[in-house]
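Trainee: I'd like to learn how to read charged pairs and cysteines in a structure I've never seen. Could you walk me through one?

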Amino acid sequence: MSSESTQAPQEQTARVHDQGPSLIFSEFMKSGWDESELTELEPLEVVTYAYSRRQVLSAAYQGMRLVIPAGELKVRAGDTDYNYRPDSAFAYYSGVQGPDATADAVLILEPSGDSHITYLYMNPRSTRDTEAFYRDARYGELWVGRRFTLSEAKARYQIETRNLSELKELLADGKKSLSPADKDFATFISEQRLCKDEYEVSELQRAVHATTLGFNDVISSIPAAVQTSRGERVLDAAFYGRARILGNDLGYNTIVGAGSHACVLHWTRNDGDLHPGELVLIDAGVEMESFYTADITRTFPINGRFSPAQRALYLLVYEAQLAGFAAVKPGALFSDVNKACQEVLARGLADMGVLTISVEESMKPEVGLHRRWTLHGSSHHLGIDVHDCAQARKEMYSDAPLREGMVLTVEPGLYIQPDDELFAPEYRGIGIRIEDDVLVTSDGYRNLSENIPRHPNDIEMWMKRVLER
């Protein structure tokens, strides 16, 4: 039997309530199948970029075996699993995408002289000469769909492929290895991803475009959401549908905060009602087959028009975002973006009379009273993870100068809790965030989500246009 049809131990998954096949049936199932090898697979666009990324990794760890697992399936309940998404480091260096990504695969960079040879260890297709293709409910082709054979995966990703069943023997040779479980190695991987290549920027732009269409779907669904109990979930479902149509999945759990729920920064229960006269905050992003995700927030008036109080707070956040945009340029510190947003918000809060100390005093890190109404930072790196490069060192992230190719969010927000007596009643229970995704360019920035309306006038016109279709 060839290595391609030898099943790895992980594939011997059985369910106790299934009826076992007879010997005659087993033999019958091995016969009468046509050839179905995929012979015309072309390498993906990402292949050359993934190769270049591995070359950087190889040069940094000469003589060291590097082990980058894709990760296992995760149980949701009983014998059902969550939808599978591979580890980001695995996806970044392998280029494996979308449904091609299979659980338990491992990327190995094996030292060879002063460089490395890359191998992709994987569970290959469960071929018709095995029982796995119809008996294995977790990995079998009849149950979960076709996987690549080793030769198909090699053609697709231009990486030498080996059966996962051979990995244990390789790792038993005692050679020193590194994996992302090692803190320093994880840090290197994060910092390598700080500046995006052309392919990554293109995928992020595609994710933003898909997310724009998702927001159109959300607006279209607002009337139905108003009429439906737990209407937040109507909007949640509308965006999810677009993510599954145009991408791989959601980049993260969608936040749909109507009314005072918008004041809960990570409100993902999405089980509230929508009431005309209130706002609804939507923080959502489509993840593409490449696993790169957008991260966009818009705040909508449920009845299509901002009230004077809502507009006043919204315009303050809008001006804060403009200041954040202006701070994005090569050489500026990452922390300058947050500082620029926070200063505008603090000044606006002082002008409203709720911040009773000077803006300068409040902006001191040891004071920060304005943060009662704006708790979160106003920026983070974005990429193959929604909070990308999270293992990077502080001196390479928050304290580092911005560089061309970095992709950041700019997302100031104001959140007035419903029981906050420092604000007049008409402002209480209002939460507003505006979030866009920007690329650092040689002379400043490019807003990847510039085409998604942001100004309150434009928001109202956008809603009117979509709802009148």
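Mentor: Happy to. Keep in mind that this is a predicted model. Let's begin with salt bridges: the count here comes to 32.

Trainee: What lets such pairs form in the first place?

Mentor: Side chains of opposite charge can pair when their charged atoms come close. Take K175 and E110, whose side chains meet in a salt bridge with 2.8 Å from N to O.

Trainee: Where do K175 and E110 lie?

Mentor: K175 sits in the loop between α7 (167-171) and β7 (177-178), while E110 belongs to strand β4 (residues 106-112), so this pair ties together parts that are 65 residues apart in sequence.

Trainee: Is E110 buried or exposed?

Mentor: E110 counts as buried, at 12% relative accessibility. Its partner K175 is partly exposed, with a relative accessible area of 34%. Salt bridges that share partners also join R65, E110, D173 and K175 into one network.

Trainee: Which residue forms a salt bridge with R298?

Mentor: That's D436, and the closest N and O atoms are 2.8 Å apart. R298 lies in strand β12 (residues 296-301) and D436 in strand β16 (residues 436-441), so the pair ties together parts that are 138 residues apart in sequence.

Trainee: And are R298 and D436 buried or exposed?

Mentor: R298 counts as buried, at 0% relative accessibility. D436 is buried too, with a relative accessible area of 0%.

Trainee: What about E361 and K364?

Mentor: Their side chains meet in a salt bridge as well, at 3.0 Å from N to O. E361 is partly exposed, with a relative accessible area of 32%, and K364 counts as partly exposed at 36%.

Trainee: Now the cysteines. How many disulfides does the structure hold?

Mentor: It holds 0 disulfides. To check a cysteine, look for another cysteine sulfur within 2.5 Å. For C195, the nearest cysteine sulfur is that of C389, 8.7 Å away, and C195 is in no disulfide. C195 counts as partly exposed, at 24% relative accessibility.

Trainee: Why is there no bond for C263?

Mentor: The closest cysteine sulfur, in C341, is 19 Å from the sulfur of C263, so it is too far for a bond. As for its surroundings, C263 is buried, with a relative accessible area of 6%.

Trainee: So for each residue I look at the partner, the distance and the accessibility.

Mentor: That's the routine. Try it on C195 again: the sulfur of C389 is 8.7 Å away, and C195 itself is partly exposed.

Conventions. Residues numbered from 1 in each chain as written. Predicted model: local features only at pLDDT ≥ 70, side-chain atom pairs only at ≥ 80, totals over all residues. Heavy atoms only, no water. Buried < 20%, exposed > 50% of the residue type's maximum accessible area, 1.4 Å probe, protein only. Salt bridge = Lys/Arg side-chain N within 4 Å of Asp/Glu carboxyl O. Helix = DSSP H or I, 4+ residues; strand = E, 2+ residues; numbered from the N terminus.
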